[in-house]
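Trainee: I have a model open and would like to go through it with you. Can we start with the surface and work inwards?
Mentor: Fine, put it up.

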Amino acid sequence: MRTKVVIRNKFRFGIALLLIMVFVITVLMISIGEGKGIDKEKNINWIFVKVKEGDSLWTISKNFVDESIDIRDYISFIRKVNKLENAVLYPGQVLKFVDVKTYKLLCTK
């Protein structure tokens, strides 16, 4: 047995449909943008690292810097980027890092 749907007010239905479409499109755009590791404003290719038990900012940062960079400055930069109040990390936490070349470019701007 089929139920017949009657739209009593076409204007309200149109507005509701429009709001639902805007919401769905917004959610899709946000999820697509966050899926990529690129910052749209600065075209930065971020490297995402998932923190493991025993990791510290120092041990993770050693993988991204060389002798030309003071690791303390790099760690300070990473704390600002990830909005960390202190250097305490938790397993499972995902942090954003950049390579040496990108770090140097960002620090010169």
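Trainee: How much area does the protein chain expose, and what share of it do carbon and sulfur atoms supply?
Mentor: The protein chain exposes about 9100 Å², and carbon and sulfur atoms supply 59% of that. Keep in mind that this is a predicted model.

Trainee: What percentage of the residues count as buried?
Mentor: Of the 109 residues in the protein chain, 24% count as buried.

Trainee: And the secondary structure: how many helices and strands?
Mentor: There are four helices and four strands in the protein chain. Along the sequence they follow the pattern α-β-β-β-α-α-β-α.

Trainee: What share of the contacts is long-range, say 24 or more positions apart?
Mentor: Taking contacts in the protein chain with a separation of 6 or more, 59% are between residues 24 or more positions apart.

Trainee: Back to the surface. Which residues make the nonpolar patch?
Mentor: Val5, Ile7, Phe13, Leu17, Met21, Ile25 and Met29 make a nonpolar surface patch of about 720 Å².

Trainee: Where is methionine 29 placed?
Mentor: Methionine 29 is in helix H1, which covers residues 10-35.

Trainee: Is methionine 29 buried or exposed?
Mentor: Methionine 29 has a relative accessible area of 60%, so it counts as exposed.

Trainee: Now inwards. How many residues does the largest nonpolar core have?
Mentor: The largest nonpolar core has 22 residues. Those with the most contacts inside it are Leu57, Ile60, Tyr74, Leu89, Leu95, Phe97 and Val98. The elements giving two or more residues to this core are H2, helix H3 (71-81), strand E4 (94-97) and H4.

Trainee: Which element gives the largest share?
Mentor: H3 does, with five residues.

Trainee: Take isoleucine 60 from that list. What does isoleucine 60 touch?
Mentor: Leaving out residues up to four places away in sequence, isoleucine 60 touches Val49, Val51, Asp55, Leu89 and Phe97.

Trainee: And serine 61, where is that found?
Mentor: Serine 61 is in helix H2, residues 57-61. With the same sequence neighbours left out, up to four places away, serine 61 touches Ile71, Tyr74, Ile75 and Phe97.

Trainee: Why is serine 61 called buried?
Mentor: Because its relative accessible area is 0%, and buried means under 20%.

Trainee: Over to H3. What does phenylalanine 77 touch?
Mentor: Phenylalanine 77 lies in helix H3. Apart from residues up to four places away in sequence, phenylalanine 77 touches Val98, Tyr103 and Leu106.

Trainee: How far apart are phenylalanine 77 and leucine 106?
Mentor: Phenylalanine 77 and leucine 106 are 29 residues apart in sequence and 9.8 Å apart in space, C-alpha to C-alpha.

Trainee: Buried or exposed, that phenylalanine 77?
Mentor: Phenylalanine 77 is at 17% relative accessibility, so it counts as buried.

Trainee: What about H4? Threonine 102, for instance: what does its side chain join in a polar contact?
Mentor: Threonine 102 is in helix H4, residues 100-108. A polar contact of 2.5 Å joins its side chain to that of aspartate 99. Threonine 102 is buried, with a relative accessible area of 18%.

Trainee: And lysine 101, buried or exposed?
Mentor: Lysine 101 is also placed in helix H4, but it counts as exposed at 64% relative accessibility. Lysine 101 and valine 65 are 36 residues apart in sequence and 9.3 Å apart in space, C-alpha to C-alpha.

Trainee: Charges next. How many salt bridges does the count come to?
Mentor: The count comes to one salt bridge. It is formed by the side chains of aspartate 70 and arginine 72, at 3.0 Å, N to O. Side chains of opposite charge can pair when their charged atoms come close.

Trainee: How accessible are aspartate 70 and arginine 72?
Mentor: Aspartate 70 is partly exposed, with a relative accessible area of 30%. Arginine 72 counts as exposed at 56% relative accessibility.

Trainee: Last one: what is the phi of lysine 83?
Mentor: Lysine 83 has a positive phi of about 55°, although it is not a glycine. Most residues other than glycine have a negative phi.

Trainee: Where is lysine 83 found?
Mentor: Lysine 83 is in the loop between H3 and E4. At 72% relative accessibility, lysine 83 counts as exposed.

Methods: Residues are numbered from 1 along each chain as its sequence is written. This is a predicted model: local features need pLDDT of at least 70, side-chain atom pairs count only at pLDDT 80 or more; totals for chains, interfaces and linings use all residues. Side-chain values use heavy atoms; hydrogens and water are left out. Buried means under 20% relative accessible area, exposed over 50%, partly exposed in between (1.4 Å probe, protein chains only). A polar contact is a pair of N or O atoms within 3.5 Å; within protein, one must be able to donate a hydrogen and the other to accept it, and residues adjacent in sequence count only if both atoms are side-chain atoms. Contact means heavy atoms within 4.5 Å. Accessible areas come from the Shrake-Rupley method with a 1.4 Å probe; for residues, only the protein chains shown count as cover. A nonpolar core is a set of buried Ala, Val, Leu, Ile, Met, Phe, Trp, Tyr and Cys residues joined through side-chain atoms within 4.5 Å. Patches are made of residues with over 30% relative accessible area and no salt bridge: like charges are joined within 9 Å, nonpolar side chains (Val, Leu, Ile, Met, Phe, Trp, Tyr) within 5 Å. A salt bridge is a side-chain nitrogen of Lys or Arg within 4 Å of a carboxyl oxygen of Asp or Glu.
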